[in-house]
Structure formats: C-alpha cells, structure tokens
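Hello,

Here is the structure I promised to pass on to you. Please have a look at it first, and then read my notes below.

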Amino acid sequence: SSASPEFNEYQKRFRLAIQNSFGYDVTELTTLRINYLIWQERVYGRVYNPDNVDDNAPLVDNVFGVAIDQTLEAGTLSFELAERSQKTMIGNLGFETKSRIRFNLAYELPINKDYYDVAHFELGLRILLGSNCTSC
C-alpha cells in the first residue's frame with residue numbers, strides 16, 4: 001500500500017460554489033435581490049483517502065440572503081442581510097464601480113453557538129471580467 005500525501009491545509013484546496021440570484025426592479029435605480037449560494041469547502045486536487053480524517057470532513061453550506069442595490073452615478077451600492085445554514089447571520093455592504101471592481105465589507109455573527117462561535121469581519125475585493133450585459 002502506498003502512503004497518503006501529507007495533509008497541508010494551504011495546498012491544492014478548492015471551493016466549489018454555485019450561486020443563483022433573482023432581482024426585481026423596485027424603481028429605475030433600486031433593485032431588490034434574493035440570493036442563494038451553496039458551496040463545498042475542502043475539495044482537494046489530490047487522491048481521496050478515506051483513512052485520512054481531513055478527507056472525511058467536507059463543509060457544505062447554504063447562504064440565503066435578501067439584498068437591496070442602489071444605482072449611483074459612480075456605481076452600485078449594495079446591502080445584503082443573509083443567513084448561513086441556520087448557523088450565522090451575515091451583513092454585507094458592497095460597492096461596485098462602473099468598471100466592475102467590487103469592494104465588500106461583511107460581518108458574520110453566530111446564532112447557533114453550539115456549532116460555530118466566532119464572529120468576524122471580512123474585507124473583499126473582486127474584479128469582474130466579461131460582459132456586463134444582463135439581457136444578452
């Protein structure tokens with residue numbers, strides 16, 4: 001039998017995510033969005049080893065949120081309130097420029113402390129590539 005590779009948390013780790021979003025234009029400049037995201041962490045780019053405890057601990061989470069987007073002259077300001085698998089509540093404030101650069105500030109607050117008890121802030125920067133055409 002061959003030995004399994006040594007586990008390294010920072011090596012060959014992927015997150016698989018699928019997101020759906022439904023938007024309703026409340027006014028010409030204001031959109032109400034319902035978002036749903038599912039992701040799986042600990043998808044590794046290596047051979048699965050059932051004897052390795054770390055291979056048997058995938059994390060699958062669902063995030064459901066309601067957001068309001070306000071179009072401004074410089075871009076779009078967004079606020080979202082979401083919950084993650086009945087474990088945490090998330091507040092997310094974001095701004096996306098007209099050139100499709102997005103800045104986020106999020107705060108995650110545990111509501112099921114038996115499972116998860118760490119509140120934290122996240123800062124994000126996302127550069128969106130491709131067409132911005134929503135009716136293509």
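**His120 and its surroundings**

The side chains of His120 and Glu122 are joined by a polar contact of 3.0 Å. Please keep in mind that this is a predicted model. His120 belongs to strand E7, which covers residues 120–127. Not counting residues up to four places away in sequence, His120 touches Ala106, Tyr107 and Glu108.

**The aromatic pair**

How many aromatic pairs does the structure hold? There is 1 aromatic pair. Tyr107 and Phe121 form this pair, which is tilted, with 4.7 Å from centre to centre and 50° between the planes. The pair links distant parts of the chain: Tyr107 sits in strand E6 (residues 101–110) and Phe121 in strand E7, 14 residues apart.

Are the two partners buried or exposed? Tyr107 is partly exposed, with a relative accessible area of 32%. Phe121 is exposed, at a relative accessible area of 59%, because a residue counts as exposed when that value is over 50%.

**The nonpolar core**

You may also like to look at the largest nonpolar core, which has 5 residues: Trp39, Val63, Ala82, Ile90 and Ala106. Ala106 is also one of the residues that His120 touches. Ile90, another member of that core, has contacts of its own: leaving aside its neighbours within four places in sequence, Ile90 is in contact with Glu80, Leu81, Ala82, Arg84, Ala106, Tyr107 and Glu108. Among them is Tyr107, the residue that pairs with Phe121.

Happy browsing, and best wishes!

Notes:
Residues numbered from 1 in each chain as written. Predicted model: local features only at pLDDT ≥ 70, side-chain atom pairs only at ≥ 80, totals over all residues. Heavy atoms only, no water. Helix = DSSP H or I, 4+ residues; strand = E, 2+ residues; numbered from the N terminus. Polar contact = N/O pair within 3.5 Å; in protein donor to acceptor, adjacent residues only side chain to side chain. Contact = heavy atoms within 4.5 Å. Phe/Tyr/Trp six-rings, centres within 6.5 Å; stacked < 30°, edge-to-face > 60°. Buried < 20%, exposed > 50% of the residue type's maximum accessible area, 1.4 Å probe, protein only. Core = buried A, V, L, I, M, F, W, Y, C linked by side-chain atoms within 4.5 Å.
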